[in-house]
Amino acid sequence: MTRPLARTAGAVAGAVLLLGACDPGAADAPGAARPTPLFSEPASRQVGLALRHTRETGGADLRQTVTFTSEKGDAVQNLTGRLDFAGSRGEAAHTWRIAPGFPEEARRTILGTLPGRGTGDTSGRYAVDTRTIHYRAASAGYWLRYEGDVEPFPGTDSIDHLRGTASPIGGTLLEVLGGVRPAEARELAGGGRSYRADFPLAEALELFPYDLRQEFVPAPLNAGAPGAPVPVAVEVDREGRITRASADLTSLLDKGKDGALTGVTGLRAELALSGFGAPEPPLDTVPGGRVLAGASAVVTLYGARPGDCLDFNTGMRHRRLVVRVPCAGPHDGAIVEQHSLPGTFPGTEEAAERARRACAAAGERGAGGTPWRTWSTEEEWTEHGEGRATCYTVSRAAATPPVRTASASS
């Protein structure tokens with residue numbers, strides 16, 4: 001690569017303007033501010049036209065929060081950045097704030113489960129243009145450069161969810177506003193408008209990384225069955241620029257599924273845009289400092305070899321992917337040994353036991369760190385005609401493997 005009715009943000013003034021209705025004399029009153037011409041268009045088109053006009057301003061500052069709610073506390077992602085619409089590029093940083101009581105399995109799922117640590121970092125940075133995504137994990141002293149389409153495994157969109165279509169930065173509510181269906185509009189003090197609208201559930205799924213989408217309700221099978229509509233509230237200023245949007249995404253949560261997000265009771269996104277105009281200075285999406293090419297530095301655990309030193313956060317939220325880094329510098333772990341596991345896939349429990357036996361003494365032969373192990377997935381086993389047990393050490397205290405991926409070789 002979920003919700004109740006959204007609230008209209010901000011102070012609301014004036015009478016309800018049902019679809020297509022407005023008071024033609026209001027803007028002509030003496031001393032009244034004349035609104036943008038887009039407000040004379042049918043109300044059903046106004047949000048889409050406002051998105052177009054927002055892009056035509058050249059750029060904007062972006063702020064978005066996504067909140068996963070549980071009975072014991074929330075997990076909140078804060079995203080801030082700068083958009084250069086004219087140059088089709090953007091830069092952003094995100095941080096997660098997670099309450100101590102938030103369900104542990106849900107926490108692992110929304111942060112991403114990595115091969116050698118419990119979860120992905122709670123913060124990171126990225127710079128995006130039409131061809132390249134640069135990603136930097138908070139735990140890394142370098143950027144990873146991904147070029148073109150990145151699909152390490154069939155059917156995954158890997159890191160591409162960071163690249164938008166309506167906006168250079170993906171995963172924001174701007175991605176859905178072009179096709180919203182306004183049901184109600186109100187005039188705001190100052191000459192702007194607020195809208196209650198909705199958009200198809202299938203579009204809401206696209207706001208999230210591929211692996212996280214698997215925990216939501218199933219995607220509709222075709223465009224004619226878009227699923228329950230998702231309510232959204234949008235504010236447009238008197239200049240015709242989108243300034244706020246909020247969507248209640250709770251209908252994405254699969255209440256009939258006993259999955260990783262079972263303890264999550266609500267999901268909401270809030271977007272704010274400001275600082276319209278071409279970025280000054282212009283955005284540079286080629287960051288300074290050390291940059292590693294993702295095409296060569298990022299490999300699968302199956303493809304890593306003994307002696308390789310690794311970092312576990314690739315930005316792609318996949319527990320089978322790692323970054324090969326020089327052993328002379330800081331690193332999360334190192335491959336100590338690998339062992340062939342011949343025959344057909346014996347099932348997960350037997351594969352885990354065979355890996356345990358193969359890696360039993362690897363810790364004694366390692367270069368230090370806590371010994372751990374992992375083994376081939378059924379798909380890898382089938383593809384290569386045999387499995388492989390990978391014995392590795394974890395050298396940073398923060399890099400703790402998830403129980404489902406690896407087990408201590410004690």
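**Exercise 1. Are Phe-68 and Trp-96 buried or exposed, both of them?**

Worked solution. Keep in mind that this is a predicted model.

- Step 1: Look at accessibility. Both Phe-68 and Trp-96 turn out to be buried.
- Step 2: Describe the ring pair. A pair of aromatic rings is described by the distance of the centres and the angle of the planes. For Phe-68 and Trp-96 the values are 6.1 Å centre to centre and 45° between the planes, a tilted pair.
- Step 3: Place the partners in the chain. Phe-68 sits in strand 2 (residues 59-70) and Trp-96 in strand 4 (residues 89-98), so the pair links distant parts of the chain, 28 residues apart.
- Step 4: Widen the view. Ring pairs join Phe-68 and Trp-96 with Phe-208 and Phe-216 in a cluster.

**Exercise 2. Work out which class the ring pair of Phe-312 and Tyr-392 belongs to.**

Worked solution.

- Step 1: Take the geometry. The ring centres are 6.1 Å apart and the planes stand at 70°.
- Step 2: Apply the cut-off. Planes over 60 degrees apart count as edge-to-face, so at 70° Phe-312 and Tyr-392 form an edge-to-face pair.
- Step 3: Locate the two residues. Phe-312 is in the loop between strand 15 (309-311) and strand 16 (321-325), while Tyr-392 is in strand 19 (residues 387-394), 80 residues apart.
- Step 4: Check burial. Both Phe-312 and Tyr-392 are buried.

**Exercise 3. Explain why Leu-261 counts as buried, and find its surroundings.**

Worked solution.

- Step 1: Start from the position. Leu-261 lies in the loop between strand 11 (242-248) and strand 12 (264-274).
- Step 2: Compare with the cut-off. Buried means under 20% relative accessible area; Leu-261 has 7% relative accessibility and therefore counts as buried.
- Step 3: List contacts beyond the neighbours within four places in sequence. Among them are Ala-106, Ile-110, Leu-212 and Phe-216.
- Step 4: Add a C-alpha distance. Leu-261 and Arg-107 are 154 residues apart along the chain, yet their C-alpha atoms are separated by 8.7 Å.

**Exercise 4. Identify the backbone nitrogens that the side chain of Asp-84 meets.**

Worked solution.

- Step 1: Find Asp-84 in strand 3 (residues 73-84).
- Step 2: Read its accessibility. At 6%, Asp-84 counts as buried.
- Step 3: Follow the side chain. A polar atom of the Asp-84 side chain lies 3.3 Å from the backbone nitrogen of Ala-86, and the side chain also reaches the backbone nitrogen of Gly-87 at 2.9 Å.
- Step 4: Look further along the chain. Leaving aside neighbours within four places in sequence, the contacts of Asp-84 include Gly-58, Arg-89, Pro-168 and Leu-283.

Methods:
Residues numbered from 1 in each chain as written. Heavy atoms only, no water. Phe/Tyr/Trp six-rings, centres within 6.5 Å; stacked < 30°, edge-to-face > 60°. Helix = DSSP H or I, 4+ residues; strand = E, 2+ residues; numbered from the N terminus. Buried < 20%, exposed > 50% of the residue type's maximum accessible area, 1.4 Å probe, protein only. Contact = heavy atoms within 4.5 Å. Polar contact = N/O pair within 3.5 Å; in protein donor to acceptor, adjacent residues only side chain to side chain.
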